[in-house]
Protein chains: 2
Amino acid sequence: MEFPVYVVLPAAGSGERMGINQPKQFCHILGLPLIIYTIECFERLPWITRIFVVISLEKMNYMQRILNESDFQKVELVEGDSTRHRSIRNGVNAICNPDDNEQADMEKGVVIIHDAVRPFVDEDTLRKLTLAASEFGASGAIRPLVSTTVAADEDGFLDHTLVRSKYRASHTPQAFSYPIIKTAYEKISEDNLDFGTECLHLAQEYCQVKAKLIEAPDDVWKVTYRRDLYAAEALLKEKRVFPCLVGFDDNRLVKSIQSHLAEKSLRCSSVHWLTSTPKHINSIAIMVEGEENVQDQANEALNWLEEHATDGGCLIMILLMKCPPNMEKLHQIAHTLSNQSKGSAINVSILVLEEKTYYMGAVERIGSLVTTLMFDRLSAFSGQLFVV
Amino acid sequence: MEFPVYVVLPAAGSGERMGINQPKQFCHILGLPLIIYTIECFERLPWITRIFVVISLEKMNYMQRILNESDFQKVELVEGDSTRHRSIRNGVNAICNPDDNEQADMEKGVVIIHDAVRPFVDEDTLRKLTLAASEFGASGAIRPLVSTTVAADEDGFLDHTLVRSKYRASHTPQAFSYPIIKTAYEKISEDNLDFGTECLHLAQEYCQVKAKLIEAPDDVWKVTYRRDLYAAEALLKEKRVFPCLVGFDDNRLVKSIQSHLAEKSLRCSSVHWLTSTPKHINSIAIMVEGEENVQDQANEALNWLEEHATDGGCLIMILLMKCPPNMEKLHQIAHTLSNQSKGSAINVSILVLEEKTYYMGAVERIGSLVTTLMFDRLSAFSGQLFVV
């Protein structure tokens, strides 16, 4: 971008829709508050200049502590206020203090406004919105309506149904040229400050700017209800898992595992193929018949993972046994592998199942175990022998 | 109810919004297709007379097989058609063949129309809708709008913003008096059959009946995107877990566990209190200091669970050690407990952590392990010793 791009993230709300005590932007997912994942969406983009996170006074210390533990370079905290518009106004006003080399360009700058509870926003959408705001003054992300919108009469009966195709749901991110959003918040009425929620409406009412509407992917979805935290957690786990299934002949099992992995898992027929596997793979499941070659194959895969999956990962050996397994020997193997992987961030687990059990319908169970081990990546599961 | 209540569940759609191959109503969750959970919401209510599930021709055999494995008494399969309205019409027409003792009441009957992909609908909402349909001819569930609804002009710019408070999102279930919905589908135009989706609109257009709108809880939410499958799975798991935390002094740990358990977990200070615990408890986590009393406390809890948690459950012993644990002894205890619980559906796991590790921030890890063990209830985890 040839102009500065600022982000305002209002996060001073209380999240009363969740049915939980915590404002949802601070709910922990995989050990970090949700808002961190949202900030990360902007922090990592080189064309984003600064990020203003608007926080309520009582959360200010907490948020500062979290930020101190992160590597974020662009984030500034701004004190929030009692309503969404009042908080965003504080964020927009905080932009006024630019670096020397920003000063000249500031009037050409763009302000992106986004919700702290939409942690999956993608670069493409942000780029389109920013360019549209620079050209037209304002822009907003829209999605098709999932439900029909209806209007009720005074007595609570259906008055009329909106034609679904004529309307869209307005989401964030939204973007504004800096002078437009600044002027809108200078002119805004007390009534709008207290009861309004939509920034596009302000640009229209106070600056006569019609926002360009941009169709966004579902990634802009908002964590609204408690169930959305489950979805967000699963998606974040899924995002960090890059699986490779080695030696899987059974398509039902592959399908069961893939249904949890966005169908992005690679497959290869032998562990020797790992050398030509993309380097981002970090979770390997290997299916072997009998216990003879387990140790060798596991070693080969573990070496590969230790070299490439430096952010952590897992190795799952699935042993298909024609006869009852020698448990003592398997325990020994599990123990050895666990010791070997101790220094690395790779969890090793062994699943053992007898062939006759397998064909009696263990597919769902194995699929569920494999994905739990890949997703949860709990080191407490490392070195474990699971008999299915 | 003093009249028959029929249910029509259109499930002939292809679910192309999911980004997965499978129509979402047939996606497996905890080993069963989603639609089974939805049918269960109606089957269990004594005042529901019959349930007509509308299925595409190619899924008919599959669905019949699933039904044969279930205990459902009220379900009939109806062949679907190319659009939502055509499929629902087939379902409504299938009602015409009542038992002899239904015949007289049929004209007073109510037809509930619901989506197969809304598996959490509650009895209270169904009852309200049914009574309203009986009184006013039609009724529908509504929810507040989560996003602002906007209209675009021809060039893709914001034309106007709807005042959010004046509109509602229309959901299912919806309910109709039998004569109304029957007449509506007799009079429906080809255009509506092909392009319409909203049944309330049909009652209004063809029978001049204004539907009574009923505010419903979020339970009526629809599984629309792939991420919703994660949320549905977690909620279904959560629904079957009734936890009791014994001897937990640390509120941070309780909070971490409760954040995954809808805060419904009971707490008691000692295992002896289990005798006065509600009988539906099926997942017990006990925190003990040192390894002396583990075996006794575990036995007491296990006996209790084996008696009461006949649908399965789990026992998790969390050992807080002041000094490095005697792993051999603990392995022995885990082994003994695992053998004891072998015949039952109760999984037993032991978590061991040293006190010094605990205070260094193992809270999130333990919370995550405990909820994984309670939620996933994988018997492969039973008898395992986890060193945190």
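Start by selecting strand β7 of chain A, residues 138-144: five of its seven residues are buried, so to speak mostly covered. Here, buried says that 20 or more other C-beta atoms lie within 10 Å of a residue's own, with C-beta atoms placed from the backbone. Strands are DSSP runs of E with at least two residues, helices are runs of H or I with at least four, and both are numbered from the N terminus.

A word on what's on your screen: this is a predicted model, where local features need pLDDT of at least 70, side-chain atom pairs count only at pLDDT 80 or more, and totals for chains, interfaces and linings use all residues. Residues are numbered from 1 along each chain as its sequence is written, while chains are lettered from A and ligands numbered from 1 in the order in which they are written.

**Neighbours of β7(A)**

Keep β7(A) selected and add strand β10 of chain A, residues 167-177. The two pair in the antiparallel sense over seven bridges; strands pair if DSSP finds at least two bridges between them. Click Pro144(A) and you'll find Arg168(A) of β10(A) opposite.

Next, add strand β11 of chain A, residues 212-215. With β7(A), this strand pairs in the parallel sense, over four bridges. Look for Ser139(A), which stands opposite Lys212(A).

**Crossing to chain B**

Now pick strand β8 of chain A, residues 148-152. Four bridges join β8(A) to β10(B), and the two run antiparallel. Zoom in on Thr149(A) to see Ala169(B) opposite.

How many residues of each chain are in contact? It's 51 of chain B with 51 of chain A, counting two residues as in contact if their C-beta atoms, placed from the backbone, lie within 7 Å. On the chain B side, select α9(B), which gives the most, with six residues. By class, that side has 24 nonpolar, 17 polar and ten charged residues.

**Zooming out**

Show both chains whole. A turn of 180 degrees and a shift of 0.0 Å along the axis lay chain B on chain A with an RMSD of 0.1 Å, so the two copies are related as by a two-fold rotation axis. Find Ala231(B): in chain B, its C-alpha is nearest the axis, at 2.4 Å. The superposition is by least squares on C-alpha atoms of residues with pLDDT of at least 70 in both copies.

Finish with chain A alone. Colour by secondary structure to see its 14 helices and 17 strands. Its C-alpha trace spans about 80 × 60 × 40 Å along its principal axes, and buried residues make up 45% of its 388 residues.

Note on methods:
A residue is buried if 20 or more other C-beta atoms lie within 10 Å of its own, exposed if 12 or fewer, and partly exposed in between; C-beta atoms are placed from the backbone. Ala, Val, Leu, Ile, Met, Phe, Trp, Tyr, Cys and Pro count as nonpolar, Asp, Glu, Lys and Arg as charged, and the others, Gly among them, as polar.
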